[in-house]
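Please open the structure in a viewer and keep the sequence panel visible. The tour proceeds by selections, each followed by a description of what is found there.

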Amino acid sequence: MSADPNCIFCRIVAGQIPSRKVHEDEHMLAFHDINPWAPVHILLIPKLHIVSMSDVQLEHAGLIGHMMAQSPRLMRELGVTNGFRHVINTGEDGRQEVMHLHIHLMGGPRPWSKG
Ligand code: 5GP
Ligand code: ZN
């Protein structure tokens, strides 16, 4: 399934739910997390509805690499100069709440509320 009408992040991709976008291209979207843990906290998501890292296959390697490779530029553009952190929660034990693959990307001066 390329999009799930009940998925909140698919609805953000479709523009049905507003978000503070920082990057969009044909493969992905990056937007500010609604409940940030750090001074800068964005989410990188594929436009394709992939539920979690458990569903990632070798055919997605280019897509995942593409999302990761956007990170340094996005952090620079958001003024992050002293390092950043990627977090991917997967499944129930991984404490994943939104079932559409996303990479948390956080930076900015410590302390952070989480992470
Ligand atoms: P998870 O626990 O699944 O890794 O993280 C889901 C993240 O999505 C949380 O950090 C939460 O704040 C964020 N989030 C959930 N719903 C929305 C939303 O509607 N808009 C935005 N921008 N972020 C959301
Ligand atoms: Zn989705």
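How many residues surround ligand 1, and which are the closest? The model is a predicted one, and in it 16 residues surround ligand 1. Select D33, N89, E97, H102 and H104 to display the closest of them.

**The contacts of ligand 1**

Keep ligand 1 on screen and add the side chain of D33. An N or O atom of that side chain lies 2.5 Å from an oxygen atom of the ligand. Next, show the backbone of H32, where an N or O atom is 2.9 Å from a nitrogen atom of ligand 1. Then turn to V98: one of its polar backbone atoms is 2.9 Å from an oxygen atom of ligand 1. A surface view is useful at this point, as the protein buries 87% of the 530 Å² that ligand 1 exposes when taken alone.

**The pocket and its shell**

With the surface still displayed, consider the space that ligand 1 takes: this space is the largest pocket. Two elements, α1 (8-13) and β2 (28-32), each give two or more residues to the shell around the ligand. Which of the elements gives the most to this shell? Select α1, which contributes 3 residues and thereby gives the most. Colouring the shell by residue class yields 7 nonpolar, 6 polar and 3 charged residues.

**The loop between β2 and β3**

Move now to W37, which is found in the loop between β2 and β3 (40-46). Is W37 buried or exposed? The relative accessible area of W37 is 15%, and W37 is therefore buried, the limit being under 20%. Add L48 to the selection and draw a line between the two C-alpha atoms. W37 and L48 are 11 residues apart in sequence, and their C-alpha atoms are 26 Å apart in space.

**The loop between β4 and β5**

Select R95, in the loop that lies between β4 (84-87) and β5. The phi angle of R95 is near 60°, a positive value in a residue other than glycine. Why does R95 count as exposed? R95 counts as exposed because its relative accessibility is 70%, and the class requires over 50%.

**The segment after β5**

The last stop is P111, in the segment that follows β5 (103-107). Display R110 together with P111 and inspect the bond between them. A cis peptide bond joins these two residues, with omega at about 5°.

Conventions
Residues numbered from 1 in each chain as written. Chains lettered and ligands numbered in written order. Predicted model: local features only at pLDDT ≥ 70, side-chain atom pairs only at ≥ 80, totals over all residues. Heavy atoms only, no water. Near = heavy atom within 4 Å. Polar contact = N/O pair within 3.5 Å; in protein donor to acceptor, adjacent residues only side chain to side chain. Areas by Shrake-Rupley, 256 points an atom, 1.4 Å probe, with all protein chains shown as cover. 1 Å grid on protein atoms, 1.4 Å probe; cavity = no way out; pocket = protein on both sides within 12 Å on 5 of 7 lines; lining within 4 Å. Sits in = over half its atoms within 2 Å of the grid points. Helix = DSSP H or I, 4+ residues; strand = E, 2+ residues; numbered from the N terminus. Nonpolar A, V, L, I, M, F, W, Y, C, P; charged D, E, K, R; others polar. Buried < 20%, exposed > 50% of the residue type's maximum accessible area, 1.4 Å probe, protein only.
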